[in-house]
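Subject: Handing over the structure

Hi,

Here is the structure I said I would pass on. Have a look at it first, and then read on for what turned up.

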Amino acid sequence: VLFEDCSNQWSLSRPMLPLILISEQIYGDLKAQIIASQPPERQPHLAACLDKLMQEVNRNIEPKNRDKFTQNLTLCRHEYRSKA
């Protein structure tokens with residue numbers, strides 16, 4: 001969702017929040033792996049973008065909260081790709 005052109009980003013983002021909430025430990029591990037997979041000079045920027053992903057997102061799957069997560073994901077993706 002972050003690194004590729006994706007025309008259906010909204011539908012891909014919808015299951016992501018529940019999966020993150022089910023196991024935040026696994027999410028943290030996966031986030032670290034994703035960051036480590038990038039070139040060293042890009043890692044700090046990606047880490048900063050991913051840290052913003054859960055800002056103002058509560059630990060529930062109510063529609064308004066899911067919309068905020070989707071919005072954050074879109075902003076994160078745009079911010080990361082704009083500095084590529």
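Let me start with the cysteines. The sulfur of Cys76 has its closest cysteine sulfur in Cys49, 4.9 Å away, and that is too far for a bond. Seen from the other side, the closest cysteine sulfur to Cys49 is the one in Cys76, again at 4.9 Å. A disulfide needs the two sulfur atoms within 2.5 Å, so this pair does not qualify at 4.9 Å. The disulfide count is zero. Both cysteines are buried, though: Cys76 has a relative accessible area of 3%, and Cys49 has one of 0%.

Before going further, please keep in mind that this is a predicted model. Its mean pLDDT is 89, and 89% of the residues reach 70 or more. Among the elements, α1 has the lowest mean pLDDT, at 77, while helix α3 (residues 24-36) has the highest, at 95.

Now the overall layout. The protein has five helices and zero strands, so the pattern along the sequence reads α-α-α-α-α. There are 84 residues, and 33% of them are buried. If you take the contacts with a separation of 6 or more, 67% of them are between residues 24 or more positions apart. The accessible surface comes to about 5,500 Å², and carbon and sulfur atoms account for 57% of that.

Next, the inside. Which residues make up the largest nonpolar core? There are eight: Leu17, Ile20, Tyr27, Leu53, Met54, Val57, Phe69 and Leu73. Two helices, α2 (16-22) and α5 (63-82), each supply at least two residues of this core. There is also a second, separate core of six residues, and Cys76 turns up again there, along with Leu46, Leu50 and Tyr80 among its members.

Leu17 is a handy residue to click on if you want to see the largest core from within. Leaving out residues up to four places away in sequence, Leu17 touches Met54, Val57, Asn60, Asn65, Arg66 and Phe69. Of those neighbours, Met54, Val57 and Phe69 are listed in the core too.

Asn72 is another one to look at. It sits in helix α5 and is buried, with a relative accessible area of 7%. With residues up to four places away again left out, Asn72 touches Lys52, Leu53, Met54, Gln55 and Val57. Leu53, Met54 and Val57 belong to the largest core.

On to the charged side chains. Side chains of opposite charge can pair when their charged atoms come close. The count here is five salt bridges, and these are three I would look at:

- Arg14 and Asp67 meet with an N to O distance of 3.1 Å. Arg14 is in the loop between α1 (9-13) and α2, and Asp67 is in helix α5, so the pair links parts of the chain 53 residues apart. Arg14 counts as buried at 14% relative accessibility, whereas Asp67 is partly exposed at 41%.
- Lys52 and Glu79 also meet at 3.1 Å, N to O. This pair links distant parts of the chain as well: Lys52 lies in the loop between α4 (43-51) and α5, Glu79 lies in helix α5, and they are 27 residues apart. Lys52 is partly exposed, with a relative accessible area of 36%, and Glu79 is partly exposed too, at 23%.
- Glu56 and Lys68 meet at 3.8 Å, N to O. Because Glu56 is in the loop between α4 and α5 and Lys68 is in helix α5, the pair ties together parts that are twelve residues apart in sequence. Glu56 is exposed at 67% relative accessible area, while Lys68 is partly exposed at 21%.

What do these three pairs have in common when you look at where they sit? Helix α5 holds Asp67, Glu79 and Lys68. Helix α5 is also where you will find Asn72, and it supplies at least two residues of the largest core. If you are wondering where to begin with the model, I would start with that helix and work outwards.

Cheers

Terms used:
Residues numbered from 1 in each chain as written. Predicted model: local features only at pLDDT ≥ 70, side-chain atom pairs only at ≥ 80, totals over all residues. Heavy atoms only, no water. Core = buried A, V, L, I, M, F, W, Y, C linked by side-chain atoms within 4.5 Å. Buried < 20%, exposed > 50% of the residue type's maximum accessible area, 1.4 Å probe, protein only. Helix = DSSP H or I, 4+ residues; strand = E, 2+ residues; numbered from the N terminus. Contact = heavy atoms within 4.5 Å. Salt bridge = Lys/Arg side-chain N within 4 Å of Asp/Glu carboxyl O. Areas by Shrake-Rupley, 256 points an atom, 1.4 Å probe, with all protein chains shown as cover. pLDDT = per-residue confidence, 0-100.
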